[in-house]
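Work through the exercises below with the sequence and the 3D structure at hand. Try each task before reading its solution.

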Amino acid sequence: MMKLKPSLKRLLGELPLTAELYWQVRQNGRPLSRSFSLRRTEQRLPEWRAAVEASLKHVPKGKKVLIFATLRYWIEHATLLGMALAGLGHAVSLAYLPYANWHKPLNRFDLRRQNAYARSILEKARPYIQAVSWLEVKPAPLPASLMEALEAVSVRDVQYTLQIEDVDEESDLYRLRLARNLQAAAAALAWLSAYRPEVVLTPNGSILEMGAVYQVARALSIPVVTYEFGEQRQRIWLAQNAEVMRQETDTLWQARKEVPLSEEQWSQVKALFSARQQADLWQNFSRRWQGIPSQGGVRTRQALGLDSRPIVLLAANVIGDSLTLGRQVFSRNMSEWLQRTVAYFARRPDVHLIVRVHPGERYTRGPSVAQVVLQALGGQPLPPHIHLVAADAPLNTYDLIEIADLGLVYTTTVGLEMAMSGVPVIVAGQTHYRGKGFTLDPLSWEAYFEMLDQGLQDVAAYALSETQVALAWNYAYRFFFEYPRPFPWHLLHFWDELEAWPLQRVLSQEGQDLFGDTFRYLTAEPVNWLEVAR
């Protein structure tokens, strides 16, 4: 196919109907690239329409629901989710922006061709889903009250993309993300103001255009549900009127913390903890948490050359990880916390500090925690009492927990597991288990360093009680087994899971017995954590 010059594309991109006609005539209705192919969705839509039609004979009328998505994989998943909600009686609109990539610019000519292609596929979901491209919506003026939130979303986009914490707001990437977020927000404001759905449903809600749409829905006081997927198959995280990646578990914990675990529940959480220690996969979890199985504390002490001095374990997150962004309590970010902490311990040769770099750094491209640690000392070599355990080091984090007297974390789940192991842990970031009764939670630098001084003066001063350790285990069960709700189609595996759970089966009584509550929560029906069941 003849390739058009960029200058010609820029011209044609501003002329009405040129891109659409070019796509229809020269591309014969095909996608621009494999990265934005909706072929599988197109193939399954007849089957989905039939399932919805059959289901609607037996369900009452539901709510007006707006689902927003961008990027090919989220659009595919949102289409299936929308068909499921339609089959449960809801009037579903699917708003989309037809981007295949969030961090590369796309000229308007190609964007319009991509939009024409997406529209041709998604129109086949009618009459059960009303698909609307927000490229075609006349934007509304954005109030100044929204600008700060949209700029914050754009900063997170750059942090997330480059896995950094300090963002250059003059960079091309920041300008691209801000422009796209402003465009999405202006279209969302116009459409939502005109149609006023009863609930807005969007993935994530913290980054990219999904974050922008979340902010607009909140500004208009329209109930909004955000959702994401973690490491468990056939489970979904969801949050009502909140960003799901903040993992707010306060309501769950208040409802469930006094409920003792049954023997079966104890067995489940212990088996999960054991699997994490031994670098095994477990049940529906799809990630190994360690590179090697546990070798034991004695061998770990020998490997690091540790003597009888107290041991402090600092377990770091990956820099720029989505679970660290915007989670500061008293530090500017995680890097500042790392640097000031390492500088403190450089003056404390009476203590061993072990800095455990997150094993996930092996798969990232951003700056390493190791660089941040060395910068804290002005590039000087680490003193012998500070031990840096690299991401690919042949050491198991749980062996480090076994020998630790005190733990330091920002938001990593390792802090929860330290408390489960009886290790007192100081939490510096706003993580989901902070303030749940088994961690030390300073609110200022002064309080943080005072806690360190007191804990190192008497390592037994912060020893966890049996009640606190039991509380940590109880919380771990709630977080791993009750916070993620049953859901048939994980984003990363949903074409495979669709074979086991086709839409017709999900809409059946069997499917609703398993997943019905989750679909109701996704449409903003309040979660009753007192009655929640696994």
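The exercises that follow concern strands, salt bridges and surface residues in a predicted model.

**Exercise 1. The open sheet**

Task: State the order of the strands in the open sheet of 7 strands, and find which strands are at its edges.

Solution:
- Step 1. Reading across the sheet gives the order S3-S2-S1-S4-S5-S6-S12, and the pairing is mixed.
- Step 2. An edge strand pairs on one side only, which holds for strand S3 (129-133) and strand S12 (485-486).
- Step 3. Look at the contact of S3 with strand S2 (residues 91-97): the two run parallel and are joined by 5 bridges. Within this contact, Gln130 in S3 has Ser93 opposite.

**Exercise 2. Strand S10 and its neighbours**

Task: Determine which way the residues of strand S10 (residues 406-409) point, and which strands pair with S10.

Solution:
- Step 1. Recall that side chains in a regular strand alternate between the two faces of the sheet.
- Step 2. In S10, Leu406 and Leu408 point one way, while Gly407 and Val409 point the other way. All of these residues are buried.
- Step 3. One partner is strand S7 (residues 311-315), which pairs with S10 in the parallel sense over 4 bridges. Here Leu406 in S10 stands opposite Val312.
- Step 4. Another partner is strand S11 (residues 425-427), again in the parallel sense, over 3 bridges. Val427 in S11 is the bridge partner of Val409.

**Exercise 3. Salt bridges**

Task: The structure holds 20 salt bridges. For the pairs Asp110 and Arg113, Glu497 and Arg233, and Asp453 and Arg348, find where the partners lie.

Solution:
- Step 1. The side chains of Asp110 and Arg113 meet with an N to O distance of 2.3 Å. Because they are 3 residues apart in helix H5 (residues 108-122), about one helical turn separates them. Both residues are buried.
- Step 2. In the pair of Glu497 and Arg233, the closest N and O atoms are 3.2 Å apart. Glu497 is in helix H18 (residues 494-500) and Arg233 is in the loop between strand S5 (224-228) and strand S6 (235-240), so this pair links distant parts of the chain, 264 residues apart.
- Step 3. Compare the exposure of these two: Glu497 has 6% relative accessibility and counts as buried, whereas Arg233 has 31% and counts as partly exposed.
- Step 4. Asp453 and Arg348 meet at 3.9 Å, N to O. Asp453 belongs to helix H16 (residues 445-457) and Arg348 to the loop between helix H12 (334-346) and strand S8 (352-356), so the salt bridge ties together parts that are 105 residues apart in sequence.
- Step 5. The relative accessible area of Asp453 is 38%, so Asp453 is partly exposed. Arg348, at 18%, counts as buried.
- Step 6. Salt bridges can also form a network, as with Arg44, Glu47 and Glu499.

**Exercise 4. Exposed or partly exposed?**

Task: Classify Glu169 and Gln43 by relative accessibility, and place each in the structure.

Solution:
- Step 1. Over 50% relative accessible area means exposed, and under 20% means buried; values in between mean partly exposed.
- Step 2. Glu169 stands at 44%, so Glu169 is partly exposed. Its place is the loop between helix H6 (144-162) and helix H7 (172-195). Together with Glu148, Glu151 and Asp168, Glu169 forms a negative surface patch.
- Step 3. Gln43 stands at 52%, so Gln43 is exposed. Gln43 is part of helix H3 (residues 39-55). Its C-alpha atom is 9.7 Å from that of Ile121, and these residues are 78 apart along the chain.

How values were computed: Residues are numbered from 1 along each chain as its sequence is written. This is a predicted model: local features need pLDDT of at least 70, side-chain atom pairs count only at pLDDT 80 or more; totals for chains, interfaces and linings use all residues. Side-chain values use heavy atoms; hydrogens and water are left out. Patches are made of residues with over 30% relative accessible area and no salt bridge: like charges are joined within 9 Å, nonpolar side chains (Val, Leu, Ile, Met, Phe, Trp, Tyr) within 5 Å. Accessible areas come from the Shrake-Rupley method with a 1.4 Å probe; for residues, only the protein chains shown count as cover. A salt bridge is a side-chain nitrogen of Lys or Arg within 4 Å of a carboxyl oxygen of Asp or Glu. Lys and Arg count as positive and Asp and Glu as negative; His and the chain ends are not counted. The place of a charge is taken as NZ of Lys, CZ of Arg, CG of Asp or CD of Glu. Buried means under 20% relative accessible area, exposed over 50%, partly exposed in between (1.4 Å probe, protein chains only). Two strands pair if DSSP finds at least two bridges between them.
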